[in-house]
Amino acid sequence: MHEKCGVVGISLQDRDAARPLYYSLYALQHRGQESAGIVTHDGFQQHSHVEMGLVGDAFDPGDLEQLNGPNGIGHVRYPTAGSVNACCAQPFSVSFKSGSLGLSHNGNLVNTEDVRAELANLGHAFTSDGDTEVIAHDLARNLLEEDLVRAVKRTMSRIHGSYALTIMHDDTVLGVRDPKGNRPLCIGELEDGYVLASESAAMTRWTAT
């Protein structure tokens, strides 16, 4: 396995996404063991829980109960860029004028420093040295002027590399692959929603239970 990191996104109708996200991350544990996290949205606000360590250690039942909402994204990290600490753990989440944004990232960019320097000159403050935060800041800036799809397209025109993303803007979940499709991202349809994941194992793990 060379793609590393696991991303997942789930959008359901009438049930919370936290537990399905947890089981999906558990099934993707082989893709990353440094940190695990889930961000959900309940239609009004965003909820986040991100910790260092394995999925089973990062979450307890109480954590999942506080992650309300039928929409969410998750991540398990294998570090290929950025420090191995809580600042680089994902999903990366921010709140700004146009709402809330969560981002899970698998891959590597080749122009991270150029984009980071440009954003820093525009007044963006960074809390990590990872490329995921660079994507999040650029996307957040574009969301001030564009709808979600146009903002994502604009960000994709600026970042270069191999990546798969699961994005949550307020209660909308979106999946993105780089233009050449170098990183895996599967989509599955459920009776009450949809799921995106780095591998189909993340879907069969909990839909079969």
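This briefing covers confidence, cores, helix H1, aromatic pairs, salt bridges and cysteines.

The model is predicted. Its mean pLDDT is 90, and 93% of the residues reach 70 or more. The largest nonpolar core has 22 residues, and helix H1 supplies four of them, the largest share. The whole structure holds nine salt bridges, three aromatic pairs and zero disulfides.

**Confidence**

- Strand E1 has the highest confidence, at a mean of 97.
- Helix H7 has the lowest, at a mean of 73.
- Where pLDDT is low, predicted coordinates should not be read in detail.

**Nonpolar cores**

- Six members of the largest core touch the most other members: Val 8, Ile 10, Ile 38, Val 55, Phe 59 and Leu 64.
- Several elements each give this core at least two residues: strands E1 (6-12), E2 (35-41) and E10 (193-197), and helices H1 (18-27), H2 (55-58) and H7 (201-207).
- H1 makes the largest contribution, with four residues.
- A separate core of 17 residues lies apart from this one. Its members include Phe 92, Leu 103, Leu 109 and Ile 159.
- Val 8 has contacts well along the sequence, leaving aside residues up to four places away. Among them are Leu 21, Ser 24 and Leu 25. Gly 72, Ile 73 and Gly 74 also touch Val 8, as does Thr 166. Val 195, Leu 196 and Ala 197 complete the list.

**Helix H1**

- H1 is largely enclosed by the rest of the structure, because seven of its ten residues are buried.
- The buried residues are Ala 18, Pro 20, Leu 21, Tyr 22, Ser 24, Leu 25 and Ala 27.

**Aromatic pairs**

- Tyr 22, Tyr 23, Tyr 26 and Phe 59 form one aromatic cluster.
- The structure has three aromatic pairs in total. In one of them, the rings of Tyr 22 and Tyr 23 have centres 5.7 Å apart and planes at 65°, so the pair counts as edge-to-face.
- Tyr 22 is buried, at 13% relative accessible area. Tyr 23 is partly exposed, at 30%.
- Tyr 22 also pairs edge-to-face with Phe 59, at 5.9 Å between centres and 85° between planes.
- Tyr 22 sits in H1, and Phe 59 in the loop between H2 and helix H3 (61-66), so this pair ties together parts 37 residues apart in sequence.
- Both Tyr 22 and Phe 59 are buried.

**Salt bridges**

- The search of the whole structure finds nine salt bridges.
- Arg 31 bridges to Glu 199, with the closest N and O atoms 2.7 Å apart. The pair links distant parts of the chain, 168 residues apart. Arg 31 is in the loop between H1 and E2, and Glu 199 is in the loop between E10 and H7.
- Each partner of that bridge is buried: Arg 31 has a relative accessible area of 1%, and Glu 199 has 17%.
- Arg 158 and Glu 118 form a bridge at 3.2 Å, N to O. Arg 158 lies in helix H6 (residues 148-158) and Glu 118 in helix H4 (residues 112-121), so the bridge ties together parts 40 residues apart in sequence.
- Arg 158 counts as buried, at 18% relative accessibility. Glu 118 is partly exposed, at 37%.
- Those two residues belong to a network of salt bridges: Glu 118, Asp 138, Arg 141 and Arg 158 are linked.
- Asp 147 and Arg 150 form a bridge with their closest N and O atoms 2.7 Å apart. Asp 147 is partly exposed, with a relative accessible area of 39%. Arg 150 is exposed, at 52%.

**Cysteines**

- The disulfide count is zero. Cys 186 is in no disulfide, and the nearest cysteine sulfur, that of Cys 5, is 16 Å away. A disulfide needs the two sulfur atoms within 2.5 Å, so this pair does not qualify.
- Cys 5 is buried, with a relative accessible area of 6%.
- Cys 186 is partly exposed, at 27% relative accessibility.

Terms used. Residues numbered from 1 in each chain as written. Predicted model: local features only at pLDDT ≥ 70, side-chain atom pairs only at ≥ 80, totals over all residues. Heavy atoms only, no water. Buried < 20%, exposed > 50% of the residue type's maximum accessible area, 1.4 Å probe, protein only. Core = buried A, V, L, I, M, F, W, Y, C linked by side-chain atoms within 4.5 Å. Contact = heavy atoms within 4.5 Å. Salt bridge = Lys/Arg side-chain N within 4 Å of Asp/Glu carboxyl O. pLDDT = per-residue confidence, 0-100. Phe/Tyr/Trp six-rings, centres within 6.5 Å; stacked < 30°, edge-to-face > 60°.
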